[in-house]
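Please work through the following exercises with the sequence and the structure at hand. Each task is followed by a solution that goes step by step.

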Amino acid sequence: MHRRPTLLAAASLTAAAVLSLAACGGGDGGSKDDDTIEGAQTGGGKSATPSPKTSADGIDRPRITLPKGVRNVFEGGRTGDATKDAILADSERRINSLDEAVTVEAKDHPALKFYSAGDALMSAATYVKGFYDDDRSFVGTTRYYKRNVTILKKGTAAVTYCMDSSKTYPMNRRTKKVDKSVPASDKDYAFFNTRLEKNAKGVWQTTSVTSIEAAKQCL
C-alpha cells in the first residue's frame with residue numbers, strides 16, 4: 001500500500017469533472033482544525049508561511065490552508081534569480097494546493113485551478129478524485145528537495161524536484177484512523193518533471209506533470 005500515490009500523467013477525464021473539483025469536498029467550507037495558511041514564500045527547509053490575500057507581487061491569490069498534521073517542507077527555495085524564484089514559488093503553491101484539495105473538506109478549492117492548467121489540472125483532478133473515491137486522505141510531513149528550474153523560453157519553464165513521502169501516513173477520511181503500519185520503501189521517493197507557463201495574471205501555472213517512483217536520483 002502506498003503512503004501517498006505518485007501523481008502520474010493525466011488520465012482520461014472529462015472537462016466537467018475538472019470543473020467540478022469542488023464536489024470532492026462536500027464539507028462546509030473548511031476544517032476547524034486548519035492552522036496553516038500556505039503558499040506565500042519559498043524557504044530553505046521550511047514550510048510556506050501565512051500569506052496575505054494580495055501578495056507582494058500584486059497578484060490576488062487564493063489562500064491555501066493545510067490542516068494540522070499535514071506539512072510540506074521545501075528545500076532550496078532561493079536561487080538569487082528573481083524569475084527563477086517566482087517560478088519555484090508558484091510550483092510550491094501548486095503542490096500545496098493539491099494537498100489542500102486532498103486533505104481539507106471544503107465546498108471549493110480555488111487554488112488548485114489557480115496554479116494548475118491543461119494536462120496538469122486533469123492529472124490533479126484524477127489524483128484528488130482517487131482519494132475521495134477510496135475514502136482516504138493522509139497526514140504527516142512531505143519533503144521536496146533537489147529542486148531545479150530551467151527557463152525554456154519567454155513565459156515557459158521546467159521545474160524538476162524529488163519528493164520524500166516516507167514521513168506521511170494514509171488516513172481513513174471517515175474514521176480519521178491513521179495507518180502507521182505501512183512499511184517504508186523506495187516507492188516513497190519520486191522524481192517529478194513539470195512544465196510551467198506564465199499566464200496573463202503573471203502566475204506561473206503548472207501545465208504538465210510526469211513522475212517516476214523509486215527514482216534513483218532521489219534515493
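**Exercise 1.** Is the link of Cys 162 and Cys 218 left-handed or right-handed?

*Solution.* The model is a predicted one. Begin with the two sulfur atoms, which lie 2.0 Å apart; a disulfide requires a pair of cysteine sulfur atoms within 2.5 Å, and Cys 162 and Cys 218 do form one. Then turn to the angle about the S-S bond, which is -80°, and the link is left-handed. The count for the model comes to 1 disulfide.

**Exercise 2.** Which parts does the pair of Cys 162 and Cys 218 tie together, and is Cys 162 buried or exposed?

*Solution.* First place each cysteine: Cys 162 belongs to strand β5 (residues 156-172), while Cys 218 is found in the segment after β7 (204-213), so the pair joins parts that are 56 residues apart in sequence. Next compare each relative accessible area with the cut-off, since buried means under 20%. Cys 162 has 1% relative accessibility and therefore counts as buried, and Cys 218, with a relative accessible area of 3%, is buried.

**Exercise 3.** In what order do the strands of the open sheet stand, and how are they paired?

*Solution.* The open sheet is formed by 5 strands in the order β3-β4-β5-β6-β7, and their pairing is mixed. At the edges stand β3 (70-74) and β7, each of which has a single partner strand, so one side of each has no neighbour in the sheet. From one strand to the next, the twist averages 25°. Looking further inside the sheet, β5 and strand β6 (residues 189-198) run antiparallel and are joined by 9 bridges; Val 159 stands opposite Thr 194 in β6.

**Exercise 4.** Which strands do the helices α2 and α4 lie across, and at what angle do α2 and α4 pack?

*Solution.* Take helix α2 (residues 82-103), which lies across β3, β4 (136-153), β5, β6 and β7 and runs at about 155° to β4. Helix α4 (residues 118-133) lies across β4 and β7, at about 60° to β7. Now set the helices against each other: α2 and α4 pack at an angle of about 25°, and their axes are 9 Å apart. Angles under 35 degrees count as roughly parallel, and therefore α2 is roughly parallel to α4. The contact involves Leu 98, Ala 101 and Val 102 of α2, together with Ala 124, Tyr 127, Val 128, Phe 131 and Tyr 132 of α4. As a last step, note the handedness: the crossing of α2 and α4 is right-handed.

How values were computed
Residues are numbered from 1 along each chain as its sequence is written. This is a predicted model: local features need pLDDT of at least 70, side-chain atom pairs count only at pLDDT 80 or more; totals for chains, interfaces and linings use all residues. Side-chain values use heavy atoms; hydrogens and water are left out. Helices (H or I, at least four residues) and strands (E, at least two) are DSSP runs, numbered from the N terminus. Buried means under 20% relative accessible area, exposed over 50%, partly exposed in between (1.4 Å probe, protein chains only). Two strands pair if DSSP finds at least two bridges between them. Axes are lines fitted to C-alpha atoms, for helices over the stretch in contact, and angles run from 0 to 180 degrees between N-to-C directions. Contact means heavy atoms within 4.5 Å. Angles under 35 degrees count as roughly parallel, over 145 as roughly antiparallel, 65 to 115 as roughly perpendicular and the rest as oblique. A crossing is left-handed if the near helix is turned anticlockwise from the far one by less than a right angle, and right-handed if clockwise.
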